Amino acid sequence: MSNLSLNDLSSLEATATTAATYLDACDSGAEFVHLDPTYYQANGNLLLTIFAVTDPYKTFPRLMEHSAAAREIAESIEIGRRIEISRLGYYPQLTVILNRISG
């Protein structure tokens, strides 16, 4: 991963904030927002990508404080990393199930 400049981080923050705002508005049932499933999914994927290459809690603290969607996506990335590190250590039942499926 390359180092990101302050301009890069500022652009990522603006993009992440826009994406998270849409997700939060849809999740809260806001009447002023039209739910487009494809656009919703694209915004979720965009946040996943941004948060995968940054530490969102350090890089975007205000966004993480105010956006439930951003926090949920950051949490899902962390869970995924834990699973990758050691399925057996953290989730032994999941490892058994995955071994049954693949075997």
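Where is Leu-23 placed? Here are some friendly notes on that residue and its surroundings, as numbered points.

1. Leu-23 sits in helix α1, which covers residues 6-27. Please keep in mind while reading that this is a predicted model. Because its relative accessibility is 3%, under the 20% limit, Leu-23 counts as buried.

2. What does Leu-23 touch, once residues up to four places away in sequence are set aside? The partners are Tyr-40, Asn-43, Gly-44, Leu-47, Ala-69 and Ile-73. Helix α2 spans residues 37-52, and helix α5 spans residues 68-85, which may help you place these partners in your viewer. For a distance check, the C-alpha atoms of Leu-23 and Phe-51 are 15 Å apart in space, with their positions 28 residues apart in sequence.

3. Now for the overall layout. The protein has seven helices and zero strands, so it is no surprise to read the order from the N terminus as α-α-α-α-α-α-α. The radius of gyration is 16 Å, well over the 13 Å that the globule rule gives for 103 residues, so the protein is more spread out than a compact globule. If you want box dimensions, the C-alpha trace spans about 45 × 35 × 20 Å along its principal axes.4. Some totals on burial and surface follow. Of the 103 residues, 25% count as buried. The accessible surface comes to about 7,300 Å², and carbon and sulfur atoms account for 56% of that area. Among contacts between residues at least 6 apart in sequence, 49% join residues at least 24 apart.

5. On charge, the protein carries 7 positive and 12 negative side chains. The centres of these two sets lie 12 Å apart.

6. Ala-70 is a good residue to look at next. Ala-70 belongs to helix α5, and with a relative accessibility of 0% it counts as buried. Leaving aside neighbours within four places in sequence, Ala-70 is in contact with Ala-20, Phe-51, Leu-63 and Met-64. Computed along the sequence, Ala-70 and Thr-15 are 55 residues apart, while their C-alpha atoms are 12 Å apart in space.

7. Is Ser-67 buried or exposed? Ser-67 counts as buried, at 3% relative accessibility. Its place is in the loop between α4 (61-66) and α5. Beyond residues up to four places away in sequence, Ser-67 touches Ala-20 and Asp-24. Ala-20 also appears among the contacts of Ala-70.

8. Thr-54 is another loop residue to check, placed between α2 (37-52) and α3 (56-59). Thr-54 counts as buried, because its relative accessibility of 11% is under 20%. Its side chain reaches the backbone oxygen of Ile-50 at 2.9 Å. Not counting residues up to four places away in sequence, Thr-54 touches Leu-4, Leu-12, Thr-59 and Phe-60.

9. Finally, how is Arg-82 placed? Arg-82 is found in helix α5. With a relative accessible area of 38%, Arg-82 is partly exposed, whereas Ala-70 in helix α5 counts as buried. The C-alpha atoms of Arg-82 and Asn-3 are separated by 24 Å, and the two residues are 79 apart along the chain.

Definitions and conventions:
Residues numbered from 1 in each chain as written. Predicted model: local features only at pLDDT ≥ 70, side-chain atom pairs only at ≥ 80, totals over all residues. Heavy atoms only, no water. Helix = DSSP H or I, 4+ residues; strand = E, 2+ residues; numbered from the N terminus. Buried < 20%, exposed > 50% of the residue type's maximum accessible area, 1.4 Å probe, protein only. Polar contact = N/O pair within 3.5 Å; in protein donor to acceptor, adjacent residues only side chain to side chain. Contact = heavy atoms within 4.5 Å. Rg over C-alpha atoms; globule rule 2.2 N^0.38 Å. Areas by Shrake-Rupley, 256 points an atom, 1.4 Å probe, with all protein chains shown as cover. Lys, Arg positive; Asp, Glu negative; His and termini not counted. Charge placed at Lys NZ, Arg CZ, Asp CG, Glu CD.
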